[in-house]
Amino acid sequence: MSQNQQLFDRAQKTIPGGVNSPVRAFKSVGGTPIFMKSAKGAYMYDAEGRQYIDYINSWGPMILGHAYEPVVRAIQEKALDSTSFGAPTELEIEMAELIVSMVPNVDMVRMVSSGTEACMSAIRLARGYTGRNKIIKFEGCYHGHADSFLVKAGSGVATFNIQTVPGVPAGVYTDTLNAPYNDLEAVRRLVEENKGEIAAIIIEPVAGNMGCILPAEGFMPGLRELCNQEGIVFIMDEVMTGFRLAAGGAQEKLGVAADLVTYGKVIGGGMPVGAFGGKREIMQHIAPLGNVYQAGTLSGNPIAMIAGYTMLKTLKDNPAIYTDIDGKTEYLHQGLDRVLAKSGVPYVINRMGSMISVHFSSHPVVDFTAAAAADNARFNLYFHYMLQWGVYLPPSAFETWFISHALSTEDIDRTVAATASFLDTL
Ligand code: KE4
């Protein structure tokens with residue numbers, strides 16, 4: 001029995017499903033999850049010492065590659081002065097000032113410890129600020145596992161096709177409305193049917209939890225306009241896109257302003273960090289300034305802050321990193337396009353910046369319905385074939401791939417060659 005199988009069998013005795021987050025379980029692609037032991041740069045190494053080219057990058061955080069020296073050193077040094085004070089520190093001010101200096105439309109920011117917390121807090125703030133209860137989200141978008149979001153959500157909820165999540169009260173469902181991604185008319189209808197009751201529209205400005213799906217021309221500006229007209233808080237969930245699509249995230253890349261933005265992943269450099277921020281007029285309602293209560297024992301803890309600060313400062317001071325990761329993603333796109341087109345297999349590749357996904361679909365993949373209608377059984381075969389070649393893709397067709405700065409041209413060429421080899425088996 002393989003070491004991975006032994007570890008998985010052992011893990012399942014004391015951890016539900018043997019994993020601490022469902023998407024890691026390989027449940028939709030089948031097979032035994034790979035237990036990783038170390039990682040460096042573009043590569044991860046499993047319990048059996050096998051090397052993998054990593055296209056998950058911890059689901060986004062490792063934009064500079066694993067074990068990025070300056071981040072590792074900063075954590076090691078900071079840990080010597082205690083890992084948490086539960087009191088304010090200058091470092092938190094420096095982190096907030098750095099974020100405000102990098103992204104548009106954010107006057108104030110509150111640190112939390114996960115993307116879920118960031119999105120959950122932003123929704124509560126929008127409800128407290130507007131006095132309204134309902135929210136509009138989009139089918140296939142994932143904003144973490146807070147009750148309000150587990151209605152037609154993406155990522156693991158879509159991967160496991162969980163239609164209604166037990167434990168989420170009906171009252172929550174009725175306040176969470178869903179529209180298809182890229183369907184502005186459907187949003188307009190929901191707003192009309194719930195006139196004056198919508199606190200917020202929350203969206204992944206480039207969706208990454210049903211594969212990578214791009215906003216259609218005019219979609220994001222249309223939502224912005226609708227929110228202006230109706231006094232709805234426009235929340236961009238930039239947990240994936242923030243500091244990845246550009247230093248200023250999707251707001252900068254797409255040129256559309258949010259009222260509130262949520263962050264995670266990259267801003268922690270691999271440590272548990274999330275944040276939400278926006279206009280002072282709204283953020284000032286957050287306790288202790290206002291009465292919208294939100295708190296966290298480890299929010300802004302020094303280890304997470306120094307990891308995130310080092311990561312963001314590196315990105316701010318080296319804009320060429322964005323040119324590099326975007327260029328590598330385009331190179332990968334061209335290579336995959338070449339071999340897939342030659343094979344005659346129906347496919348769609350969606351890409352923006354350093355987010356990309358391959359769908360075995362004969363139709364454009366513009367929303368969750370289209371992503372779900374793709375030949376995802378073929379994706380599962382592709383996933384395992386690539387794993388044999390030492391290429392570690394996200395274990396679900398409902399996830400985006402993330403490109404890191406550490407990836408080399410040779411790594412990308414190997415990925416394309418493995419894809420060509422897979423296509424030869426069909
Ligand atoms: P976390 O609570 O997992 O830090 O962030 C939730 C979240 C919020 N918003 C977006 C756009 C996200 O993508 C996420 C988390 N993404 C998943 C990957 N699809 C995290 C991986 C996992 O669940 O283990």
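## Exercises: a pocket and a ligand site

The second largest pocket holds about 370 Å³ of space. This is a predicted model, where local features need pLDDT of at least 70, side-chain atom pairs count only at pLDDT 80 or more, and totals for chains, interfaces and linings use all residues. Residues are numbered from 1 along each chain as its sequence is written, and side-chain values use heavy atoms, without hydrogens and water.

**Exercise 1.** Describe the lining of the second largest pocket.

*Solution.*
- Step 1: fix the term. A pocket is an open set of points on a 1 Å grid over the protein atoms alone, where a 1.4 Å probe fits, with protein on both sides within 12 Å along at least five of seven lines; lining residues have an atom within 4 Å of a point. The volume is the space filled by probe spheres set on the points.
- Step 2: find the centre. Of 21 lining residues, Glu92, Arg110, Met111, Ser299 and Gly300 are closest to it.
- Step 3: assign elements. Helix H3 (90-102) and strand S4 (108-112) each supply at least two residues. S4 gives the most, with 3 residues.

**Exercise 2.** Work out how the ligand is held by its surroundings.

*Solution.*
- Step 1: list the neighbours (a heavy atom within 4 Å). Of 17 residues around the ligand, Ser21, Thr116, Asn209, Asp237 and Glu399 come nearest.
- Step 2: check polar contacts (N or O pairs within 3.5 Å). A side-chain N or O atom of Asn209 is 2.4 Å from a ligand nitrogen atom. For a polar side-chain atom of Glu399, the distance to a ligand nitrogen atom is 2.7 Å.

Notes: Polar contact = N/O pair within 3.5 Å; in protein donor to acceptor, adjacent residues only side chain to side chain. Helix = DSSP H or I, 4+ residues; strand = E, 2+ residues; numbered from the N terminus.
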